[in-house]
Amino acid sequence: MTTLINIHQLTKTYQMGDSTVHALRGVSFTVASGEFVALMGPSGSGKSTLMHLLGCLDTPTNGRYELAGQDVGRLSRRARARVRNEQIGFVFQTFNLLPRLSALANVMLPLQYRGRLAGSVVGKTAVSALEQVGLADRMHHKPTELSGGQRQRVAIARALVTDPALILADEPTGNLDSQTGQEIMALLQQLHQNGRTILLVTHDADVAAQTQRVLRMHDGAVISNQ
Amino acid sequence: MTFFNTLRTAFNGIFSNLLRAGLTTLGIVIGVASVITMLALGNGARAAVDANFRYLGSDVVQIGVKEKIDQGEFVPVGQILSYEDGLEMPRQVALVDQVIMSIAGEGKVRHGRNVVDMPLLGATADALLTLIARQEVQPVEWELSKRPLPADFLAQGRFFTPAEVIAGADVCVLGHKTARDLFGGDNPLDELVWVNRRRCIVIGVLTELEVTNPALRNRTRPNESFYLPISTAIANLFDRPPSVVVTARVSDEARMGEARQQIIAYLRQRHGVEKDATGVYADDFELTTRQDILGAQQEAARTFAFLLAAMATVSLVVGGIGIMNVMLVSVTERTREIGVRLAVGATQRDIVGQFLLESVLISAGGGLLGAAVGVLSIPLAAGLNRGVALLSPQSIPLALGVALLTGLLFGLYPALRASRLDPIEALRYE
């Protein structure tokens, strides 16, 4: 299996007033292509910071981050936007759908930022992403007309639509009841079976247990990897 | 993102809060509307000036009496400009080869039981030529490209001759409507009318005329006119000798300045004008040339342009601040949306484009609305300005351009602010 994520001695420090916060104190691990990995840890352990770095929403203070063989840790803001658009799909705890847009328009959004794609291609790709999450029949509904589980499915379709190398899911079941949460986990499992690489941030042990591997974090460092 | 998608996104942004966007444009609407109306007023005034002075060729000097206001009335500051002053001018002033004189008065005109109170015009024999040169009026449905001859202005009979003018003959020429008012359907030719207490023979009737400039048509009544030889008019219509208006033609256009000095010297000598205590001649007459009018017009145009620029600037700033304010609120409200867009791969340029286009669309909407309001309020402005306001065609693109520029300038800061948001912070924003 090829290595998708390779991070080495990643550190991140913030300046909060007079004090320096060490959010990450030298984190190293790899994720192979096609893996389904959970990232666990209590709040303040640095898992959100790590997730932001992996998602190219932020840059590390020190250390190295390679995504699919490309060093993405030192890219410009514009180049990171491109990596986010082409290589990464985000799934958030609070869904983060745009309320005024239909499900279909929400899913089309990442492709529209890709540039010169024909409108018909964008539409077709988005519909097929919605079919994959089983929501093709509700694509013209606004997020407010959908249930929580359905909203998260739309968000997953949005993450899938660009055919990204990596799906980053930040507490995807955190805002859902357990049964709906289970349905979302089943959907992620199914995507994993189809060869997707998924990194899932959670503090729910039951959710983490459904992945192949769990990375536990504490005080800005990975304390177990199994 | 393609332009079309950006456009759709910007439209969505506006329509999600249409009322707010509408209120925001108010400043721009008022600004653009006032620019268009002001330009129409200026344009109308210019057209009126053009119409009034077009006859003033570059080879003529118009001479009138200098007046002052005394107890609410215009009175001459010194001597009047008399008929004889004008009559002697070609003989006494080397560079003047011809003069045309006219005098306006009012009186009662009667035929049988029909009486009309109306303006009366004392004129020289070339009055119709002056009418043609002024181009203020033309025969009804006259083809614009064709230049009318004096005969085209006459429906019946003839105009008076130079000999009749010098002799002070009791003859008159009637306007189309005046003839109908006095004679009904009867033929007025060779009939007698009473002007004040004197009898005149009608020797001609003018054809029906219309004002050339459509914008001025409701202001003047070109068919109510009554022409008398100027000498007859002076003798009959006035208790005291009146001032005439003299239009002197200069034989050599290149020597206008010299001719002007000659006319001034001639009139100063005739009127016995002396230097006053400060060493300046206290002239009791005024000379006007085309050059003077053009100069005054340019001066007025400059003042007007300055006013307009000041007004446009104020509306630009007021409207622009309104837009900036609303866009800043909008950016704050939509922080999370911006975060999502950044997360799925929007570049800073995409975000700038989205918000900039939104502010430009708002200002363009305001500009269009303002243009409509401006055009519709032109008749109103015309009413307040005695009927002179003409839409200036280039004012609409100008005003729209100003509106767009406002949206662009004042939308820039909010758009840049939106694009500089940290995606992580933006996604966390509640």
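## Chains A and B of a predicted model

Chain B holds 15 helices and 14 strands. Its radius of gyration is 32 Å, well over the 22 Å that the globule rule gives for 430 residues, so chain B is more spread out than a compact globule. The structure described here is a predicted model.

The C-alpha trace of chain B spans about 100 × 60 × 45 Å along its principal axes. Of the 430 residues in this chain, 46% count as buried. How many of the contacts in chain B between residues at least 6 apart in sequence join residues at least 24 apart? The share is 77%.

The surface of chain B can be described by area and by charge. About 21900 Å² is exposed, and carbon and sulfur atoms supply 58% of that area. Chain B has 39 positive and 43 negative charges, and the mean positions of the two sets are 6 Å apart.

### Where the chains meet

The size of an interface is often given as the accessible area lost when the parts come together. Between chain B and chain A, about 2300 Å² is buried, and carbon and sulfur atoms give 57% of this area. B:Met1, B:Val344 and B:Ile424 supply 25% of the area that chain B buries against chain A, more than any other three residues. In the contact, 30 residues come from chain B and 22 residues from chain A.

### Local features of chain A

Is helix H1 of chain A, residues 47-54, mostly covered or mostly uncovered? H1 is mostly covered, as seven of its eight residues are buried. Among them are A:Leu50, A:Met51 and A:His52. A:Lys47 also belongs to the buried set. After H1(A) comes A:Cys56, which has a positive phi near 60°.

Most residues other than glycine have a negative phi, and most peptide bonds are trans. The table lists residues of chain A with a positive phi.

| Residue | Phi | Place in chain A |
|---|---|---|
| A:Cys56 | near 60° | following H1(A) |
| A:Asn96 | near 55° | loop between strand S6 (88-91) and helix H3 (103-112) |
| A:Asp163 | near 55° | loop between helix H5 (148-160) and strand S7 (166-170) |

Which of the two words, buried or exposed, applies to A:Asn96? A:Asn96 has a relative accessible area of 5%, so this residue is buried. A:Asp163 has a relative accessibility of 55% and therefore counts as exposed.

Definitions and conventions: Residues are numbered from 1 along each chain as its sequence is written. Chains are lettered from A and ligands numbered from 1 in the order in which they are written. This is a predicted model: local features need pLDDT of at least 70, side-chain atom pairs count only at pLDDT 80 or more; totals for chains, interfaces and linings use all residues. Side-chain values use heavy atoms; hydrogens and water are left out. Helices (H or I, at least four residues) and strands (E, at least two) are DSSP runs, numbered from the N terminus. The radius of gyration is taken over C-alpha atoms; the globule rule is 2.2 Å times the number of residues to the power 0.38. Buried means under 20% relative accessible area, exposed over 50%, partly exposed in between (1.4 Å probe, protein chains only). Contact means heavy atoms within 4.5 Å. Accessible areas come from the Shrake-Rupley method with a 1.4 Å probe; for residues, only the protein chains shown count as cover. Lys and Arg count as positive and Asp and Glu as negative; His and the chain ends are not counted. The place of a charge is taken as NZ of Lys, CZ of Arg, CG of Asp or CD of Glu. Buried area is the accessible area (1.4 Å probe) that two parts lose on being put together, summed over both.
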